[in-house]
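User: I would like a close look at a single part of this structure, with its surroundings explained. Please keep the answer connected and plain.

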Amino acid sequence: MKYDAIVLGAGMVGVCAAIHLQQRGRAVALVDRKAPGSETSYGNGGLIQREGFYPYAFPRGLGALLRYAGNRAPDVRYHFGALARQVPFLYRYWRHSHPVRHAAIAARYAALIEQCIAEHRVLAADAGAQGLIRSTGWVKVFRRAALRDAEFRVAERWRDEFGVAFETLDADDLRRMEPALKPVLAGGLRYTDAQSVSDPQALVTAYARRFEALGGHVLVGDAATLRDGWRVDTDRGLVEAPTAVVALGPWSDLVTRKLGYRLPLAVKRGYHMHFTAEGGARLNHPVLDAENGFLITPMSRGIRLTTGAEFAMRDAPPTPRQLAAVEPLARDLFPLGQPVEAAPWMGSRPCTPDMMPVVGPAPRHHGLWFDFGHAHHGYTLGPVTGRLVAEMMTGERPFVDPTPFRVERLL
């Protein structure tokens, strides 16, 4: 079967790229080994982070590094073997996290982040999926007043730099907003422009159905079979197209390495599990415990508890000790009931050392395009980079300057 474009990867990023290409008159095949939204896009906090101008940096302070050295911190865990193999990546990540470099990255990253809500709204309206998106913002909570006040100052700086909207909450404000939270908190910070999703996979599925309604085809296939042409094996036979988009998230290197691109990519793994809420307790917002790095958020399946980051090799067996460590802390915060699943879910976030995605043409292969490396913001930015790569591929003037996100910066 012949198409105008093949998009490899049916997470939020790939589905959005496929929609935007199909809307521009291209015949598109969306290829993945699983149903849309079944991998990284399935297990996340469901946040669309309009405040996320500063991507998540590597800790640089001596106190933070010492805290993580014992590998017992609730928010960050690591496999020793993975650290040894990832030293070059981690060193570059650490360098880019210097405050001066981080601020420069945020200034470039802002061009993407400031578009995220508008782009999601358009796709959600077209897909009839507005009911999955909540406009309540999300709340970061603090157990200590000193950390609360420090975070308030950070939010004020972000407001001055990028217009980030927020609301400061003392302990009484927080109790009124979230009465089911236990009285162990010194206050909170609500990012009011952010949005959240009640079922992350369902939203990706709705976008994929919109893609099919536009005439696109969702196929089951193995992206690793991609070869020049561009051709790939699927459940419906060989498909080919003059252009292809690699949007495989943490698996993007399966294609890029084979084609000779030695990119500094790594993964941060994460875990989640759903719980019932005891006694009919209700959670009105996603809530992040700032000191322990876990998020609890109301989802269609229950209260989802998500972990921070685990530095490990992508394909290493799951080690959900981090989830076990934060569950008692979460129960100290909210009346979690019984787990809904028999076992935790695990997924991987695809990361670059400068914390920005790779979006644009492959420099040595005509017709090949990249759209991956979004780290914690793939769900936030999928509609934005999907539109950006589609505009470049179809010769339109890009609505965002793509230069800072080209792959050449990493080669």
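Where is the place of M355?

Analyst: The model is predicted, and what follows is computed from it. M355 sits in the loop between β20 and β21. Its backbone has a positive phi of about 70 degrees, although M355 is not a glycine. Most residues other than glycine have a negative phi, and most peptide bonds are trans. With a relative accessible area of 5%, M355 falls under the 20% limit and is therefore buried.

The residue just before M355 in the numbering is also of interest. D354 forms a salt bridge with R409, with 2.5 Å between the closest N and O atoms. D354 is in the loop between β20 (345-351) and β21 (358-361), while R409 belongs to the segment after α12 (378-393). The pair links distant parts of the chain, 55 residues apart. The two partners can be compared by accessibility: D354 is buried at 6% relative accessibility, whereas R409, at 25%, is partly exposed. Side chains of opposite charge can pair when their charged atoms come close.

Elsewhere, salt bridges that share partners join R24, E119, R387, E391 and E396 into one network. The count for the model comes to 25 salt bridges. Two further examples can be set beside the pair in the loop. D75 and R67 are paired with their closest N and O atoms 3.2 Å apart; here D75 is buried at 14% relative accessible area and R67 is partly exposed at 37%. R159 and D160 meet at 3.8 Å, N to O. In that pair R159 is partly exposed, with 41% relative accessible area, and D160 is exposed, with 62%.

The loop can also be placed in the domain layout. The chain is divided into domain 1 (5-43 + 201-262 + 354-410) and domain 2 (59-99 + 132-196 + 265-351). The centres of these domains, taken over C-alpha atoms, are separated by 28 Å. Their contact draws 21 residues from domain 1 and 19 residues from domain 2.

The nonpolar interior follows from that layout. The largest nonpolar core has 78 residues, and V7, V15, L21, L112, Y191, L203 and Y207 touch the most other members. Both domain 1 and domain 2 give residues to this core, so the core lies between them. Apart from the second core, which is separate, has 27 residues and includes W230, A244, V255 and F370, one residue of the largest core can be followed in detail. L21 touches A5, V7, R26, V28, V245, A390, M393 and T394, leaving out residues up to four places away in sequence.

F370 of the second core is also a contact of T256. T256 is found in helix α10 (residues 253-256) and is buried, at 1% relative accessibility. Beyond its neighbours within four places in sequence, T256 is in contact with Y261, L263, F370 and F372. The C-alpha atoms of T256 and A224 are 9.6 Å apart, with their positions 32 residues apart along the chain.

W230, another member of the second core, brings the account back to backbone geometry. The peptide bond from G229 to W230 is cis, with omega near -5 degrees. W230 is in the loop between β10 (217-220) and β11 (231-234).

N71 can be read alongside M355. N71 has a positive phi of about 60 degrees and is not a glycine; for M355 the value is about 70 degrees. N71 lies in the loop between α2 (62-69) and β4 (76-78), and M355 lies in the loop between β20 and β21. N71 counts as buried at 15% relative accessibility, and M355 is buried at 5%.

The surface gives a last point of reference. L65, Y91 and W94 make a nonpolar surface patch of about 280 Å². Y91 is found in helix α4 (residues 87-96) and counts as partly exposed, at 49% relative accessibility.

To return to the part requested: M355 is a buried residue with a positive phi, placed in the loop between β20 and β21. D354, in that loop, pairs with R409 from the segment after α12.

Notes. Residues are numbered from 1 along each chain as its sequence is written. This is a predicted model: local features need pLDDT of at least 70, side-chain atom pairs count only at pLDDT 80 or more; totals for chains, interfaces and linings use all residues. Side-chain values use heavy atoms; hydrogens and water are left out. A nonpolar core is a set of buried Ala, Val, Leu, Ile, Met, Phe, Trp, Tyr and Cys residues joined through side-chain atoms within 4.5 Å. Buried means under 20% relative accessible area, exposed over 50%, partly exposed in between (1.4 Å probe, protein chains only). Domain bounds come from an automatic or database domain assignment. Contact means heavy atoms within 4.5 Å. Patches are made of residues with over 30% relative accessible area and no salt bridge: like charges are joined within 9 Å, nonpolar side chains (Val, Leu, Ile, Met, Phe, Trp, Tyr) within 5 Å. Accessible areas come from the Shrake-Rupley method with a 1.4 Å probe; for residues, only the protein chains shown count as cover. A salt bridge is a side-chain nitrogen of Lys or Arg within 4 Å of a carboxyl oxygen of Asp or Glu. Helices (H or I, at least four residues) and strands (E, at least two) are DSSP runs, numbered from the N terminus.
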